[in-house]
Amino acid sequence: MPAPKTVAPALPLAPYVAPYIAFARTSFINLLAYRARYFVGVLTYFFSVSVWYFIWKELFSQEPGGVIGGFDFPQMVTYISTGWALRSFYFNEVDRDIASQVQEGRLAMSLIKPVDFQAMVLSQALGESAFRLLLFSLPIATLLFLVYPLRPPASLLAALLFGVSGLLSVLLVGAINFCVGLIAIRTRSILGFLRAKYLVLELLSGLLIPPSLFPERVRPILDWLPFPHMNYTPGRIYLGLVSGPQAARALALQAAWTLLLLGLGRLLWRATRRRIVVQGG
């Protein structure tokens, strides 16, 4: 009789995942030293929402139908508030940190670590987002709900999908920032890129104004870009403005852009790393 075939046991994932969990945990702990800055940041974000609240209140008072860009006033206030609270969650400085490593000559230390550089950087970003969620985003959201007439999620499913979309926003922004940060290896300084990036992301993500208020010719283009999925997609899901197949399509596009940009970042890192080796860096 032929000997029975033996199936090789699956390799445990724990040894591979553990280092990145440690990077996320270290990032979380390091930010505890700056928690007072985040308490001040809560007030800063609250003032930002307050400014937009009074701007939109005045605009809606001059609108006979009471609807602007597909939003009524309570929806718009809720959209703006959830957008700024979400920004406080997904915001990270991955690009600035990579640029700092390049300028200070610390990038070599990252290269000799037996881990994937991109995964390490994104793990640190996730650790920062976990810290922000607990000590920044939740206090901001609580304060805004206490002061302004915000609407709760449209449904329990909308709340769950909003959480999924918010997590995808963290990875999406991290992927974008990683690609931007790699520019510093070639240019040494990305201060100009950072300023342009902040302006583009705040405008096209829907943080300042919903993309539904953009000219009709621009809207179809924005629908297929990654930027609206940072704020506009989660905000509409939260309010129930998209549900069912539309919500599934929006989340699929958000996930697809996240994977695409993560893959692009990996390709850029491989090409950039070879350039560093050639230069002797």
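How many salt bridges does the structure hold? There are six of them, and three get a close-up below. This is a predicted model, in which local features need pLDDT of at least 70 and side-chain atom pairs count only at pLDDT 80 or more, while totals for chains, interfaces and linings use all residues. Residues are numbered from 1 along each chain as its sequence is written, and side-chain values use heavy atoms, with hydrogens and water left out.

**View 1. R151 pairs with D72.** R151 makes a salt bridge with D72, and the closest N and O atoms are 3.4 Å apart. To count as a salt bridge, a side-chain nitrogen of Lys or Arg has to sit within 4 Å of a carboxyl oxygen of Asp or Glu. The pair links distant parts of the chain, 79 residues apart: R151 is in the loop between α6 (117–147) and α7 (156–187), and D72 is in strand β2 (residues 71–72). Helices and strands here are DSSP runs numbered from the N terminus (helices are H or I with at least four residues, strands are E with at least two). R151 counts as partly exposed because its relative accessibility is 32%, and D72 is partly exposed too, at 21%. The cut-offs behind those words: buried is under 20% relative accessible area, exposed is over 50%, and partly exposed is in between, with a 1.4 Å probe and protein chains only.

**View 2. E202 meets R87.** Another salt bridge joins E202 to R87, with 3.3 Å between the closest N and O atoms. E202 belongs to helix α8 and R87 to helix α3 (residues 73–90), so the pair ties together parts that are 115 residues apart in sequence. What is the relative accessible area of R87? R87 comes out at 13%, so this residue is buried. E202, at 23% relative accessibility, counts as partly exposed.

**View 3. R96 and its surroundings.** R96 is found in helix α4 and forms a salt bridge with E93, the closest N and O atoms being 3.5 Å apart. R96 is partly exposed, with a relative accessible area of 35%, and E93 also counts as partly exposed, at 35%. Leaving out residues up to four places away in sequence, R96 touches L194 and Y198; contact means heavy atoms within 4.5 Å. For a sense of scale, the C-alpha atoms of R96 and L156 are separated by 37 Å, with their positions 60 residues apart along the chain.

**View 4. Q103, also in α4.** Helix α4 (residues 94–104) carries Q103 as well. Q103 is exposed, because its relative accessible area is 54%. Q103 and A184 are 81 residues apart in sequence, yet their C-alpha atoms are 8.4 Å apart in space.

**View 5. Helix α2 and a nonpolar patch.** Helix α2 (residues 35–61) has 27 residues, so at 1.5 Å a residue it should span 39 Å, and its end C-alpha atoms are indeed 39 Å apart. That expected span is 1.5 Å times one less than the number of residues. Buried residues of α2 include Y38, Y45, W52 and W56. I55 is found in α2 too, but at 37% relative accessibility it counts as partly exposed. V51, I55 and L59 form a nonpolar patch on the surface, with about 230 Å² of accessible area together. Patches take residues with over 30% relative accessible area and no salt bridge, joining like charges within 9 Å and nonpolar side chains (Val, Leu, Ile, Met, Phe, Trp, Tyr) within 5 Å. An α-helix has 3.6 residues a turn, so residues three or four places apart point the same way.

**View 6. S212 in its loop.** S212 is found in the loop between α8 (191–204) and α9 (219–223). Is S212 buried or exposed? S212 is buried, with a relative accessible area of 17%. Its side chain reaches the backbone oxygen of G69 at 2.7 Å. Setting aside neighbours within four places in sequence, S212 is in contact with G69, F71, R219 and Y232.

**View 7. Helix α10 and the residue after it.** Helix α10 (residues 228–239) has 12 residues that should span 16 Å at 1.5 Å a residue, and its end C-alpha atoms are 16 Å apart, which agrees. Of those 12 residues, 11 are buried, so α10 is largely enclosed by the rest of the structure. Among the buried ones are H229, Y232, I237 and Y238. Just after α10, G240 takes a positive phi of about 80°.

Notes
Polar contact = N/O pair within 3.5 Å; in protein donor to acceptor, adjacent residues only side chain to side chain. Areas by Shrake-Rupley, 256 points an atom, 1.4 Å probe, with all protein chains shown as cover.
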